[in-house]
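Student: I would be grateful for a close look at one single part of this model. Could you choose a place, describe its surroundings carefully, and then set it in the context of the whole?

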Amino acid sequence: MAYWLIKSEPSAYSWEQFKKDKKTQWTGVRNYAARNNLRDMKKGDLAFFYHSNVGLAIVGIAKVVKEAYQDPTTAEPAWLCVDFAPVKDLNKPVSLVQIKNDPILNNMDLVRLQRLSVGKVTEKEFVRLCELGEFAV
DNA sequence: GCCAACGTTGGC
DNA sequence: GCCAACGTTGGC
């Protein structure tokens, strides 16, 4: 089991919309580092859902329901997408400020690689985020 | 709205 | 293959 973090601007695709949809194709990734993370995802892996630009917080958790396949929004074979389904809300959103101020979390991909839209989350980071989000799997 | 970070492009 | 220019992302 691996853990991930996916970013979305609420104005483009929000957590609320995701919950309504019950399932979504995570398309449009055009960055190799992010693509590699998508490729490495396994069915059942969990991914934190982060609101960028507006919100600046992790608001929920999703799971991989379909592993990487050709991104249907492009003909270029280099690009992949996966399908996610929402699992649940965090009881308390975990803000970027909290993450930056937390000694366990301040080295996350999210902080270190600011522009990476699909990042890895370590087991330690996952456990800490569960604490701060008052969330249990 | 600004600007730093950083990935990509293209000339040489 | 290097590196300057440029575009995009995302926090502030």
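Tutor: Let us begin with Ser 52, which sits in the loop between strand 3 (46–51) and strand 4 (57–70). Helices and strands here are DSSP runs numbered from the N terminus, a helix being H or I over at least four residues and a strand being E over at least two. The model is predicted, so local features need pLDDT of at least 70 and side-chain atom pairs count only at pLDDT 80 or more, whereas totals for chains, interfaces and linings use all residues. Residues are numbered from 1 along each chain as its sequence is written, chains are lettered from A and ligands numbered from 1 in the order in which they are written, and side-chain values use heavy atoms, with hydrogens and water left out.

Ser 52 counts as buried because its relative accessible area is 15%; the term buried means under 20%, exposed means over 50%, and partly exposed is in between, with a 1.4 Å probe and protein chains only. Leaving aside residues up to four places away in sequence, Ser 52 touches Lys 7, Ser 8, Glu 9 and Pro 10, where a contact means heavy atoms within 4.5 Å.

The loop between strand 3 and strand 4 also holds Asn 53. In contrast to a buried residue, Asn 53 is exposed, because its relative accessible area is 54%. The phi angle of Asn 53 is near 65°, a positive value in a residue other than glycine.

Tyr 50 belongs to strand 3. With a relative accessibility of 4%, Tyr 50 counts as buried. Apart from residues up to four places away in sequence, Tyr 50 touches Leu 5, Ile 6, Lys 7, Ser 8, Leu 56, Ala 57, Ile 58, Leu 96 and Leu 110. Cys 130 is 80 residues from Tyr 50 in sequence, and the two are 14 Å apart in space, C-alpha to C-alpha.

We may now turn to the DNA. Ser 52, Asn 53 and Tyr 50 are among the residues that surround DNA strand C, together with Lys 7, Leu 56, Leu 96, Lys 100, Gln 114 and Arg 115; a residue is near a strand if one of its heavy atoms lies within 4 Å of it. Of the atoms of DNA strand C that come within 4 Å of the protein, 77% belong to sugar and phosphate. The surface near DNA strand C divides by class into three nonpolar, three polar and three charged residues. In this scheme Ala, Val, Leu, Ile, Met, Phe, Trp, Tyr, Cys and Pro are nonpolar, Asp, Glu, Lys and Arg are charged, and the others, Gly among them, are polar.

Several side chains have a polar atom beside a phosphate oxygen of DNA strand C. For Tyr 50, an N or O atom of the side chain is 2.9 Å from a phosphate oxygen of DNA strand C. For Lys 100, the corresponding separation is 2.7 Å. For Lys 7, a polar side-chain atom lies 3.5 Å from a phosphate oxygen of that strand. A polar contact is a pair of N or O atoms within 3.5 Å; within protein, one atom must be able to donate a hydrogen and the other to accept it, and residues adjacent in sequence count only if both atoms are side-chain atoms.

What surrounds DNA strand B? Its neighbours are Asn 31, Tyr 32, Arg 112 and Arg 115. A polar side-chain atom of Arg 115 lies 2.2 Å from a base oxygen of DNA strand B. Sugar or phosphate supplies 50% of the atoms of DNA strand B within 4 Å of the protein, and bases supply the rest. The residues of this surface are one nonpolar, one polar and two charged.

Finally, the whole chain provides the setting. Chain A has five helices and six strands, and along the sequence they follow the pattern β-α-β-α-β-β-β-α-α-β-α. The radius of gyration of chain A is 14 Å, close to the 14 Å that the globule rule gives for 137 residues, so chain A is as compact as a globular protein of that length. That radius is taken over C-alpha atoms, and the rule is 2.2 Å times the number of residues to the power 0.38. Of the 137 residues of chain A, 46% count as buried. Among contacts in chain A between residues at least 6 apart in sequence, 68% join residues at least 24 apart.
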